[in-house]
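Here are my notes, jotted down while going through the model. Have the structure open as you read, and tell me if anything looks off.

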Amino acid sequence: MSSRTHVAAREDGIAMVLVVFLCAFLALLGVTLIEVVRGESNRSAQQVTSGTAFQAAEAGIEDYISKIVDDRLYYVHYVHPGESTRQEPLGTTVAAGSDEIAWPYNLAWTYPNNFDHWKQLPNGYEYSLQIFPPVDTAGQMRIVAMGRKQNATTDTRMIETIIRPSSLADFYRVVNGDVGWGVGAITNGKIYANGDISHEGTATASVYAEGQVSELSAGDLQNGAKIYDEDDTNSNGKPDIRDQIKNPLNFSSFVTSFVDVERAAIAAGVHLDDPSKAAFKLTFKNNGTVDVQSCTQTSGQNVAARPPTCGSVSNRLIPSNGAIYVAQTAVVSGVVDGRVTVASNDNIVVADHISYEQAGDDVLGLAAKNDLYVAWYVPDDLTWMAGVLVQDGTWQSWPNYQNSSYYDAAGDEKKSIMTFTGSSATEDGGSFTNMFTNRTYGYQQELLFLPPPWFPIVDDAYTVVLFRELPAT
């Protein structure tokens, strides 16, 4: 055999080995790819199951909150059909069936069987609840929900939620009528209107209207925000506002808050009343006190148009019950160190910067019977924060129209910037455009867990204080 023949035979052998190796490699690759695809499919299915279990737990919480909206003592009256078996202190157990069942005992109960009773949902999933009633005057209720595929023991998800009765300060803006925001506006807190809401910007918290919400679309809602308006049939695809707020807000009922503050101020707070004076000036200090001065008007001008003439200073401690009541106009500024609400039976005038000595620990409420004004003589770059309630009027700069005589008389031009942080509830809409070229409005998130004292509670509406996932047990 020639050397050429030997070479050819060797090459044929090598080629055969390569073919066998390649076939084996392709077979192994095929098996590996099948396993990868199978693994990805299993993981994808697991993610769908886990995600839907989370949604089932959310559905349980939302259903329980809707019961509380209808009956704020529901947890005392009934065991929910998705609630685990309760046991009262003497050992008697009560478990609901497909419907709720009466709870004839007191507020003390336990869940001896952990999550043992489940409410089935139409999508093949289910949830179980445990309810922990309020234990303090804040009215905070804890709800724990577990969601899972029906009868499954894996891929369960658990959510803990703490809710409390809503305060007006929970809302970034409340208006007893129609209200609107233009293109580019970003609202950073809940909005409520007793009329229609037109919003052409972005909402990062839910929007509630007794009429209709227009312009906002799903793409304009962030952070889980939803739209609730008056639509009993849900024909427009938006949840009905009655699912969250049982009755429309009645601004006339807020007068009780003024009465409550006055009584508290007389009993153990600061009560100011002198019909011979135009106003009382309150300058808050960062040491937990407030300087109080009685004032007269200057040259017959409103105290929001010209600085008033004020008398001697009386330094007072911020009352422990947080109540300051002024029968006349209250002129307010300073650094607040404490938790306090100033209620005026007339107007409130913001005369200078207002800030907190420590964010998250201090809070100021400003409640005006008639109007709240930002004074004409405030600094050029004004910053102020508060929870605002105006019962019969609105919040606005002074005057609420363009009048060149004020510019001339004050020796002053239009201000550049106003920055407000807090919440505002007013009978009517308001405007600061005539005084400030630029205006920035932000919601103070601390108001969700630290509302001003004596601020009105929104009947049959609840605010989520805490929402978090817990390790499933």
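1. Which residue forms a salt bridge with Arg164? That would be Asp170, with the closest N and O atoms 2.7 Å apart. Keep in mind that this is a predicted model. Both partners are out of the solvent: Asp170 is buried with a relative accessible area of 1%, and Arg164 is buried too, at 6%. Both values fall under the 20% cut-off, which is why I call the two residues buried.

2. Next, have a look at Arg157 and Glu469, whose side chains meet in a salt bridge, 2.5 Å from N to O. This one spans a long stretch of chain: Arg157 sits in strand β8 (residues 157–167) and Glu469 in strand β33 (residues 457–470), 312 residues apart. The two ends are not equally covered. Arg157 counts as buried at 18% relative accessibility, whereas Glu469 is partly exposed at 40%.

3. There is another link between these strands. The side chains of Arg468 and Glu160 form a salt bridge, again listed at 2.5 Å from N to O. Arg468 belongs to strand β33 and Glu160 to strand β8, so this pair ties together parts that are 308 residues apart in sequence. Here the acid is the covered partner: Glu160 is buried, with a relative accessible area of 5%, while Arg468 is partly exposed at 42%.

4. Don't stop at the pair, though. Arg142 joins Glu160 and Arg468 in a network of salt bridges. For the structure as a whole, the count comes to twelve salt bridges, so please read the ones above as a selection.

5. On to the disulfide. How many does a search of the whole structure find? There is one, formed by Cys295 and Cys310, with their sulfur atoms 2.1 Å apart. The torsion about the S-S bond of Cys295 and Cys310 is about 100°, so the disulfide is right-handed. Cys295 is in strand β20 (residues 289–296) and Cys310 in strand β21 (residues 309–310), 15 residues apart. Cys295 counts as buried at 1% relative accessibility, but Cys310 is partly exposed at 25%.

6. The largest pocket deserves a look as well. About 1,000 Å³ of space lies in it, and 34 residues line it. Nearest the centre of this pocket are Lys190, Ser206, Tyr208, Gly224 and Val464. The elements giving two or more residues to its lining are α1 (3–70), β8 and β33. Strands β8 and β33 are thus back from points 2 and 3, where they hold the partners of the Arg157–Glu469 pair. By class, the pocket lining has 16 nonpolar, twelve polar and six charged residues.

7. Last, the interior. The search turns up one cavity of 30 Å³ or more, and about 30 Å³ of space lies in the largest cavity. Residues lining it include Phe258, Val261, Leu389, Trp454 and Phe455. Which element gives the most to this lining? It is α3, with three residues. Helix α3 (255–268) and strand β25 (339–344) each supply at least two. The cavity lining divides into seven nonpolar and two polar residues, with no charged ones, whereas the pocket lining in point 6 has six charged residues.

Technical notes
Residues are numbered from 1 along each chain as its sequence is written. This is a predicted model: local features need pLDDT of at least 70, side-chain atom pairs count only at pLDDT 80 or more; totals for chains, interfaces and linings use all residues. Side-chain values use heavy atoms; hydrogens and water are left out. On a 1 Å grid over the protein atoms alone, a cavity is a set of points where a 1.4 Å probe fits but cannot get out, and a pocket is an open set with protein on both sides within 12 Å along at least five of seven lines; lining residues have an atom within 4 Å of a point. Grid points are joined across faces, edges and corners, and a volume is the space filled by probe spheres set on the points. Helices (H or I, at least four residues) and strands (E, at least two) are DSSP runs, numbered from the N terminus. Ala, Val, Leu, Ile, Met, Phe, Trp, Tyr, Cys and Pro count as nonpolar, Asp, Glu, Lys and Arg as charged, and the others, Gly among them, as polar. A salt bridge is a side-chain nitrogen of Lys or Arg within 4 Å of a carboxyl oxygen of Asp or Glu. Buried means under 20% relative accessible area, exposed over 50%, partly exposed in between (1.4 Å probe, protein chains only). A disulfide is a pair of cysteine sulfur atoms within 2.5 Å.
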